[in-house]
Amino acid sequence: MGDKKRVKQTRYERLAKKAGYGNPLFHGKIRYCVRCCMPETAEGLAFDEMGICQPCRSSEQKIHINWKEREAKLRKILEKYRSKDGSNYDCIVPISGGKDSTFQLYVVTQVYKLNPLAVTFNHNWYSETGKYNLENALERFDVDHIMFTPKRSAVNKLAKKSLQLIGDTCWHCHAGVGAFPLQIAVKYKIKLLVWGEPGGENHGRATYFDPIPYDRDYFTKISARYYAEEVVDKNISLSDVLGYVLPSKEEVEKAGIVGIYLGDYMFWDDERQTEFVRDNFGWREDKIEGTYKGYKSAECRMAGMHDYSKFIKRGFGRGTDHASIDVRTGLLTREEGFELAKKHDAQRPSKSLDYYLKITGYSEKEFEKILKDKRGKKAKLLP
Ligand SMILES: [Zn+2]
């Protein structure tokens, strides 16, 4: 489709080809962490006096943490919330069908023998692989499940507004993933939510010793930025966003809801966990736009769009995130990391971008302009 029509490379694709071996894409324009491939334009990312980024520091902390002690803490928390008489679920496991979801369900049901309610906010952009993986996890771990699927017209309208609002295409997903499991927790009076990956390594603001605690507003703070009520306008009605409305502070407090991240209590290793769920539980990888790894966001056919938006706005995409992880664990040198990062980041995600332009009516020029207007301080230096 889009590929055939397009003969010319984009400006960024040409730039990526021209940057010298081992150099980052915007060499000399913006600063990069001296250890991995992360640029200073990443949201909330702080460099220390040595020029090393927070996620690099976190990955060092991780090696010195007493994981046995942390695991004992986890066991205590889970025991506290276990339903003693079986009259309710022990916890909620919010899942998407990604590899973390399968791993979370494995840990909760097989290691700790809990009876969870699995809850899915369906962004309604599921890939075939994603549908299979979700279904497969529910069958393998034999759990009850609730899923919310927003109507297509609302998803399309929200995807359009999202770009102007937060500079990526996925407000509805950021907001729904936070709000819907919490709605269910309040309605079903289930006090514990068990999330997967730790914050410390994925954004610059948290560390293993100073994690961002889960609360009602966590996802609004880290990704959605706006509450559902604030998104309503003359095209988007309150009834379009019911799945995204958070329970009130009082409701959440009264229900005594707490949330934990398994990654704060057990050594989180994406590569190993991917192999583990693939080899033991039939989880499937997929080809994903914008990166060389097949496991992150395999459930979503718009992942490439989310990452390409970030690339236009901040000068890096998922390729950089993944290369940085691999540099930290020693799988790649920093130079090899930059090579992979720029090749994947700069690539136009034809499938998802063409679809996005179709549902929103934006031209590609408009799309790029909206994102460029969103560039912050350092990112203004980007071409
Ligand atoms: Zn770094």
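**Zinc site and salt bridges: a quick chat**

Q: Hi! Which residues coordinate the zinc ion here?
A: The zinc ion is held by four sulfur donors, the SG atoms of C33, C36, C53 and C56, at 2.3 Å. Donors here are N, O and S atoms within 2.8 Å of the metal (3.2 Å for Na, K and Ca), and sites may look incomplete as water is not among the atoms.

Q: Good to know. What should I keep in mind about the model itself?
A: It is a predicted model, in which local features need pLDDT of at least 70 and side-chain atom pairs count only at pLDDT 80 or more, while totals for chains, interfaces and linings use all residues. Residues are numbered from 1 along each chain as its sequence is written, and side-chain values use heavy atoms, with hydrogens and water left out.

Q: Back to the zinc ion: why is the arrangement called tetrahedral?
A: Because the four donor atoms subtend angles of 103 to 114° around the zinc ion. Four donors count as tetrahedral if all angles lie between 85 and 135 degrees. The ideal value for four tetrahedral donors is 109.5 degrees.

Q: And how are the donor residues spaced in sequence?
A: The pattern is C-x2-C-x16-C-x2-C.

Q: Is C33 buried or exposed?
A: C33 is buried, at 0% relative accessible area, and C36 is buried at 0% too. Buried means under 20% relative accessible area, exposed over 50%, and partly exposed in between (1.4 Å probe, protein chains only).

Q: New topic: how many salt bridges are there in the whole structure?
A: There are 28, counting a side-chain nitrogen of Lys or Arg within 4 Å of a carboxyl oxygen of Asp or Glu.

Q: Which residue does K151 meet in a salt bridge?
A: K151 meets D240, at 3.6 Å from N to O. The two are 89 residues apart, with K151 in the loop between β3 and α7 and D240 in the loop between α10 and α11. Helices (H or I, at least four residues) and strands (E, at least two) are DSSP runs, numbered from the N terminus.

Q: What else does D240 pair with?
A: D240 also forms a salt bridge with K157, with the closest N and O atoms 2.8 Å apart. K157 sits in helix α7, so this pair ties together parts 83 residues apart in sequence. D240 is buried at 10%, while K157 is partly exposed at 31% and K151 is partly exposed at 44%.

Terms used:
Tetrahedral: all angles 85-135°; square planar, octahedral: opposite > 155°, others 65-115°.
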